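This briefing concerns the structure shown below. The points that follow are grouped by topic.

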Amino acid sequence: MASATPETSAVRPGLGRPFRWLWASTAASNAGDGVTRTLLPLLVVDSHPEPAAVAGLTAVNMLPWLLFALPAGVLVDRLDRRRIVLWSNLLRAAVLLGAMAVLAGDRPLAVLYVLAFALGIAETLVDTAAPAMLPRIVGSRDLERANGRLSAAQIVCNEMAGPPVAGLLMGVAATAALATGGVLYAMAAVLLTGMVTTRRERSERAPGVRAEPVLSGIRAGLRFVLGHRTLRLTLAASALYGLVFSATFSMLVLLSHRTLGLDATGYGLLLAAGSVGAVAGSWLAPRLAERLPPLRLARWSLVASGLVYAALGLARSPVQAAAALLCNGVFMMGWNIPVMSLRQRLTPEEFQGRVMSVSRLCAWGAMPVGATLGGLLAEALSVPTVFVVCGCALAAGALLLLAPLRSDAHDGPPGRAAPSSPQDSDPSTKE
C-alpha cells in the first residue's frame, strides 16, 4: 500500500465540519501552549533566577519527546485519535488548574519541573495524534490547504497571541495565568467533542494490532519509514532543518544585540517579522502546491531558507534582518506544509501515528544538538558566522538529500494517487 489517499467521494465542499471543529480545538490548544511556554520560564525566573534552573526547565519540558515520541506513535495507531487529543487536553487543563493551589505561595523548583514534564507528555500525544487524524477527515487533494490553516492557527495563537497574554496576566497574578492556560486547554477538549465520529472514521484496525507489543510496533514503524525512500530522505532533511533552526535561533538574540544594536523591543519585533512571514507562507504554500509538485516546492523552499539564513548572518541593519526573517517564515511554511501533506498522503492508515512520531522525533530531537553546536561555533568563530555556515549547510544538504527524489513517482500533482513501486510498497525493502 503506497498511499493513504481517501476515496474521491470523501472530498467535500470546503474542508468539512469535522475539520472546522479540529481547527477550533487546535487554535485553543495552541493558545494554551503560547501561554504556558511563556509562563513557566517566568515562574522559574521569578523564584529561581539561576541560569541552570531555567535551562533545566527547558530540558525537562523537551524530555518527553525523546522518551515517549515513538511509544506515542504506537498508541496513536492503536487507539481512537480524537479521544487521545481530547483526554490529553483535559489532562493539561487539570494539571494547570491543580497547580494554582500549589504555586499560589512558594514555588518549589521540583513542582515546576513536574508541571513542565506532565505538560510535555500531553503535548507529545496531542502533536502526534492531531496530524494523524487529518487524512481521515479531509480529502487527499485538500491536505495542503488543511495543513496550511492549522499552521496559521498555531503561529497566530501560539507565537503571536499567547506570549503577550501570558506576560500581561503574569503582571496581575501567576494564578490568573495558570487559570487561563487551563481554561484554554479545557476549551480545546470541549471543542473536539463536536467532531462526530463517522463510519469512515471508525474503520477497523487490522487484526492483532492491539495485541502487538509496543516495542514490536515501534520496530514496525521504523522499518516502514526506513524502507520508504521518500519518507526516509524527507525526514533526514527535517532533522537537518532542526539542527540549523536551533543553532541559529539560539544565537539570534546575540545577533540582535551585538551586531544589530537592538534592545529587547527590537528583538521582539524581529521575532514578529518571522511570525508574520510564516502566517503569509501558510496562506501561500497551499496555493503553490496546487500548481507545483509537492517535493519540488518543498525542496526549493528548503534551499531558499538556507540562503536566507546566510543572508541574515550578513545583514548589517535591522531592516535587512527583519526582511530576511520574514522571507524565512514564508520559506519555512513552503517546506513544512507540502512535506507534511506528502507524508500523510504516502502513509497507510495503520502507520500514520508512527510516521508522525518519527517526524517529530527527528525535528525536535535534533534541536538540543543544534543549539549546542551553534554555541560552540559562535565561540570559535563569531555569531554572524553561525548563520552563514548553517545557512549554506542547509541549502547544500537540501539539494543533496532531496535530489534523488527529483524523479520520484510521487512528485506529481497533489491529490493524485501515487503508483506503487516495489521499493515503496514493501516496508521492509531497502535500497
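The lining of the largest cavity in this predicted model divides into 3 nonpolar, 2 polar and 4 charged residues. The protein chain has 431 residues, of which 52% count as buried, and contains 14 helices and 0 strands.

**Overall architecture**

- From the N terminus on, every element in the run of the protein chain is an α element, in keeping with the count of 14 helices and 0 strands.
- Among contacts between residues at least 6 apart in sequence, 88% join residues at least 24 apart.

**Internal cavities**

- The model holds 2 cavities of 30 Å³ or more, and the largest cavity contains about 80 Å³ of space.
- Asp 33, Thr 36, Arg 37, Leu 40, Asn 61, Arg 92, Leu 119, Glu 123 and Tyr 185 form the lining of the largest cavity.
- Two helices, α1 (17-47) and α4 (109-137), each supply at least two residues of this lining.
- The largest share of the lining, 4 residues, comes from α1.

**Asp 33, a lining residue**

- Asp 33 belongs to the lining of the largest cavity and is placed in helix α1.
- With a relative accessible area of 5%, Asp 33 is buried, because the cut-off for that class is under 20%.
- Leaving aside its neighbours within four places in sequence, Asp 33 is in contact with Arg 92, Glu 123, Asn 158 and Tyr 185.
- Arg 92, Glu 123 and Tyr 185 are also named among the lining residues of the largest cavity.

**Helix α4**

- Helix α4 is mostly covered, with 22 of its 29 residues buried.
- At 1.5 Å a residue, the 29 residues of α4 should span 42 Å, and the end C-alpha atoms are 42 Å apart, so the expected span and the model agree.

**Helix α13 and its surroundings**

- Helix α13 covers residues 383-402; its 20 residues should span 28 Å at 1.5 Å a residue, and the distance of 29 Å between its end C-alpha atoms agrees with that expectation.
- The buried residues of α13 are Val 383, Pro 384, Val 386, Phe 387, Cys 390, Gly 391, Leu 394, Ala 395, Gly 397, Ala 398 and Leu 402.
- The cover over these buried residues includes α8 (229-259), α10 (294-314), α11 (318-346) and α12 (352-380).

**Phe 387 within α13**

- Phe 387 is placed in helix α13 and is buried, with a relative accessible area of 1%.
- Leaving aside its neighbours within four places in sequence, Phe 387 is in contact with Thr 248, Met 251, Leu 252, Leu 255, Tyr 309, Ala 310, Leu 312 and Gly 313.
- The C-alpha atoms of Phe 387 and Gly 313 are separated by 4.7 Å, although the two residues are 74 residues apart along the chain.

**Cysteines**

- A search of the whole structure finds 0 disulfides.
- A disulfide is a covalent bond that joins the sulfur atoms of two cysteines.
- Why does Cys 392 form no such bond with Cys 390? The sulfur of Cys 392 is 9.5 Å from that of Cys 390, its closest cysteine sulfur, and this is too far for a bond because a disulfide needs sulfur atoms within 2.5 Å.
- Cys 392 counts as partly exposed, at 43% relative accessibility, whereas Cys 390 is listed among the buried residues of α13.
- Cys 362 likewise counts as partly exposed, at 23% relative accessibility.

Terms used: Residues numbered from 1 in each chain as written. Predicted model: local features only at pLDDT ≥ 70, side-chain atom pairs only at ≥ 80, totals over all residues. Heavy atoms only, no water. 1 Å grid on protein atoms, 1.4 Å probe; cavity = no way out; pocket = protein on both sides within 12 Å on 5 of 7 lines; lining within 4 Å. Points joined across faces, edges and corners; volume = space filled by probe spheres on them. Nonpolar A, V, L, I, M, F, W, Y, C, P; charged D, E, K, R; others polar. Expected span 1.5 Å × (residues − 1). Buried < 20%, exposed > 50% of the residue type's maximum accessible area, 1.4 Å probe, protein only. Contact = heavy atoms within 4.5 Å.
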